[in-house]
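Visitor: I am new to this structure and should like to learn how to read it. May we take its features one by one?

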Amino acid sequence: MSFMKGDLLTKTRKLVKGLAKSEPAWLKAMEHAPPAAFPKSSGKVEKISLPEDPYIKKFFSKHPDSKHEDAILISSFDPPPARIFGWRVLELKEQGVGEEEAMAVADMEYRTETKAKKKAYARLKQIARLQGTTPPPNPYPSVIKEIQAEEDVYLRERYTNPKIIAIAEKMKADEAAKERERDRFRIDW
């Protein structure tokens with residue numbers, strides 16, 4: 001029955017009408033109360049868009065470095081700064097402020113917040129130096145610096161891990177053998 005179009009009820013009706021199958025006991029009951037028909041999808045998945053999305057795009061066009069500087073932590077409950085910017089613009093627009101003014105206010109708030117974070121960390125470092133202790137890690141690190149810190153472990157390991165050193169020495173020996181082989185067949189003009 002997979003080659004026929006339609007649901008179970010339609011397929012069974014066609015088979016019974018064409019005398020290919022005897023009428024099942026459940027057919028009349030199913031005709032009186034047919035199963036719910038679900039709407040068919042067109043196969044196209046609609047893009048989900050939120051009201052603040054245009055403002056987020058404008059935020060990233062104005063602050064392209066924010067994609068790399070402001071971390072989007074999936075496991076965090078804190079929304080990214082771009083979304084906060086979009087929400088703030090919408091909030092100001094609901095209060096009757098014009099779109100350009102709302103974006104200017106939200107932009108100013110974003111800039112003051114980032115400056116305050118940098119100033120707070122600078123003050124933490126200054127206090128740590130006065131006390132003679134090591135400064136605490138940056139509570140607002142750059143995403144790029146976080147990635148580099150994760151990769152730094154592997155970069156240092158290549159100089160101390162004996163397996164990696166052995167592989168590097170083998171590669172150097174293979175390269176030297178290839179060079180000797182090329183020199184052997186080289187013709188001087």
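Guide: Certainly. The model is predicted, and a search of the whole structure finds 14 salt bridges.

Visitor: Which residue meets E52 in a salt bridge?

Guide: As a general idea, side chains of opposite charge can pair when their charged atoms come close. Here the side chain of R83 meets that of E52, at 2.7 Å from N to O. R83 belongs to helix α5 (residues 81–94), whereas E52 sits in the loop between α2 (27–32) and α3 (53–62), so the pair ties together parts that are 31 residues apart in sequence.

Visitor: How should a helix be read, and where does α7 bend?

Guide: An α-helix has 3.6 residues a turn, so residues three or four places apart point the same way. Helix α7 spans residues 143–160, which is 18 residues. From first C-alpha to last, α7 reaches 27 Å, close to the 26 Å expected at 1.5 Å a residue. The bend in α7 is about 30 degrees, at E151.

Visitor: What are the domains of the protein chain?

Guide: The assignment gives domain 1 (1–36), domain 2 (52–140) and domain 3 (148–188). The centres of domain 1 and domain 2, taken over C-alpha atoms, are 62 Å apart.

Visitor: Which residues line the second largest pocket?

Guide: The lining consists of G6, D7, L8, L9, M30, P35, A36, A37 and K40. By class, six are nonpolar, one is polar and two are charged. The space in this second largest pocket is about 160 Å³.

Definitions and conventions: Residues are numbered from 1 along each chain as its sequence is written. This is a predicted model: local features need pLDDT of at least 70, side-chain atom pairs count only at pLDDT 80 or more; totals for chains, interfaces and linings use all residues. Side-chain values use heavy atoms; hydrogens and water are left out. On a 1 Å grid over the protein atoms alone, a cavity is a set of points where a 1.4 Å probe fits but cannot get out, and a pocket is an open set with protein on both sides within 12 Å along at least five of seven lines; lining residues have an atom within 4 Å of a point. Grid points are joined across faces, edges and corners, and a volume is the space filled by probe spheres set on the points. Ala, Val, Leu, Ile, Met, Phe, Trp, Tyr, Cys and Pro count as nonpolar, Asp, Glu, Lys and Arg as charged, and the others, Gly among them, as polar. Helices (H or I, at least four residues) and strands (E, at least two) are DSSP runs, numbered from the N terminus. The expected span of a helix is 1.5 Å times one less than its number of residues. The bend at a residue is the angle between axes fitted to the seven residues ending there and the seven starting there. Domain bounds come from an automatic or database domain assignment. A salt bridge is a side-chain nitrogen of Lys or Arg within 4 Å of a carboxyl oxygen of Asp or Glu.
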